[in-house]
Amino acid sequence: MKPNSLNTPLVLVNLKCYTESIGNGAHRIARAAREVTDESGVTIGLAPLYPDIHPINHHYDIPVFAQHVDPVEPGAHTGRMPLLAVKSAGAIGSLVNHSEYRLNIADIEKNVTALRDAGMLSCVCSNNIATTAALSALGPDYVAIEPPELIGGKISVSEANPGIITGSVDIVKKINPAVKVLTGAGIHSGKCVKTAIDLGTDGVLLASSVVKAEDPAAVLRDLVSLL
Ligand SMILES: O=C[C@H](O)COP(=O)(O)O
């Protein structure tokens, strides 16, 4: 799997730390992602827990992102996760500054630069248009705009706040048009995904609708159905 070469649109599923994402649960979601990628041709990536990066990459050959990397060089640190460790496990990129794991701007810049230098993809999360502007200036591969109040809910950003999507797309185009824009929070249907794409994004970042589903493949099939 070559970094810097993911097709658009991208459906990136963050497995977070949900019970359903642990052990066999991660394999269940990865199998579903593989199946729906094969049926639809849409790129579906996963951001699993660290122990599942290698098995998911190895068994299912789908793009794997880390959920976070620590802005540290390999060395005398304990309990940290340097990006070379996730690269060596098979991750092609990492989320940075997720709403559930905020970093300061200096550490975001450090991670974006280190990921680029390692030939990996950065997907930096943002909570509003002003933050999106600042983050796009750092030149990540993706900025993912996610209103925190909609994360984990049943109403998607596409339905509740299309203005934050168009505002983010517009500001990124002005500041750094090479940066791709994802959006997320509450994305649960093909209609939400289609709206996000029609508003100018390059894909979606989502979690609960797939991870907590009884049948993740059915949800993924619906998510890509209008692309
Ligand atoms: O990383 C994913 C986002 O936080 C969205 O999560 P959600 O789809 O559960 O709202």
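**Sheet, binding site and backbone geometry of a predicted model**

Visitor: How many residues of strand β1 are buried?
Guide: In this predicted model, strand β1 covers residues 10-14 and is mostly covered. The buried count is 5 of its 5 residues.

Visitor: Which residues of β1 point one way, and which the other way?
Guide: In a regular strand the side chains alternate between the two faces of the sheet. In β1, all of the residues on either side are buried. Leu10, Leu12 and Asn14 point one way, and the other way point Val11 and Val13.

Visitor: Over how many bridges do β1 and β2 pair, and which residue of β2 stands opposite Val13?
Guide: Strands of a sheet pair through backbone hydrogen bonds, either parallel or antiparallel. The pairing of β1 and β2 is in the parallel sense, over 5 bridges. Opposite Val13 in β2 stands Leu46.

Visitor: In what order do the 8 strands of the open sheet run?
Guide: The pairing in this sheet is parallel. The order is β2-β1-β8-β7-β6-β5-β4-β3.

Visitor: Which strands stand at the edges of the sheet?
Guide: An edge strand here has a single partner strand, so one side of it is left without a neighbour in the sheet. The strands in that position are β2 (43-47) and β3 (65-66).

Visitor: Over how many bridges does β3 pair with β4, and what is the bridge partner of Phe65?
Guide: β4 spans residues 93-96, and β3 pairs with β4 in the parallel sense over 2 bridges. The partner of Phe65 in β4 is Gly93.

Visitor: Why can the residues of the UniProt annotation "binding site" be said to gather at one spot?
Guide: The annotation comes from an unreviewed UniProt entry and covers Asn14, Leu15, Lys16, Ile151, Gly186, Ala207 and Ser208. These residues span 195 residues in sequence. They nevertheless gather at one spot, because no two of their C-alpha atoms are more than 14.2 Å apart.

Visitor: Which residues from this set belong to the lining of the largest cavity?
Guide: The set to compare is the one annotated in UniProt as "binding site". From this set, the lining of the largest cavity takes in Asn14, Lys16, Ile151, Gly186, Ala207 and Ser208.

Visitor: Is Ala207 buried or exposed, and which residues does Ala207 touch?
Guide: Ala207 lies in the loop between β8 (203-206) and α9 (208-211). Its relative accessible area is 10%, so Ala207 is buried, the cut-off being under 20%. Not counting residues up to four places away in sequence, Ala207 touches Asn14, Lys16 and Tyr18.

Visitor: Is Ser208 buried or exposed, and with which residues is Ser208 in contact?
Guide: Ser208 lies in helix α9. With a relative accessible area of 18%, Ser208 is buried. Leaving aside neighbours within four places in sequence, Ser208 is in contact with Tyr18, Gly152 and Ala213.

Visitor: At what angle do the axes of α1 and α2 cross, and what is the hand of the crossing?
Guide: Ala26, His27, Ala30, Arg31 and Arg34 in α1 meet Asp52, Pro55, Ile56, His59 and Tyr60 in α2. The axes of α1 (residues 24-40) and α2 (residues 50-60) come within 10 Å, and cross at roughly 35°. The crossing is right-handed.

Visitor: Which residues are joined by a cis peptide bond?
Guide: Most residues other than glycine have a negative phi, and most peptide bonds are trans. In the segment before β1, where Pro9 is found, a bond has omega of about 0°. This cis bond joins Thr8 and Pro9.

Visitor: What is phi of Asp61, and what is phi of Ala185?
Guide: Asp61 lies in the loop between α2 and β3 and counts as partly exposed at 45% relative accessibility. Ala185 lies in the loop between β7 (180-184) and α8 (190-198) and is buried, with a relative accessible area of 5%. Neither residue is a glycine, yet phi is positive in Asp61, near 50°, and in Ala185, about 115°.

Visitor: With which residues is Arg221 in contact?
Guide: Arg221 lies in helix α10 (residues 216-223) and counts as partly exposed at 33% relative accessibility. Its C-alpha atom is separated by 27 Å from that of Val96, 125 residues apart along the chain. Leaving aside neighbours within four places in sequence, Arg221 is in contact with Glu35, Val36 and Glu39.

Terms used:
Residues are numbered from 1 along each chain as its sequence is written. This is a predicted model: local features need pLDDT of at least 70, side-chain atom pairs count only at pLDDT 80 or more; totals for chains, interfaces and linings use all residues. Side-chain values use heavy atoms; hydrogens and water are left out. Two strands pair if DSSP finds at least two bridges between them. Helices (H or I, at least four residues) and strands (E, at least two) are DSSP runs, numbered from the N terminus. UniProt positions are given in the numbering used here, feature names are shortened, and annotations may be inferred rather than shown by experiment. On a 1 Å grid over the protein atoms alone, a cavity is a set of points where a 1.4 Å probe fits but cannot get out, and a pocket is an open set with protein on both sides within 12 Å along at least five of seven lines; lining residues have an atom within 4 Å of a point. Buried means under 20% relative accessible area, exposed over 50%, partly exposed in between (1.4 Å probe, protein chains only). Contact means heavy atoms within 4.5 Å. Axes are lines fitted to C-alpha atoms, for helices over the stretch in contact, and angles run from 0 to 180 degrees between N-to-C directions. A crossing is left-handed if the near helix is turned anticlockwise from the far one by less than a right angle, and right-handed if clockwise.
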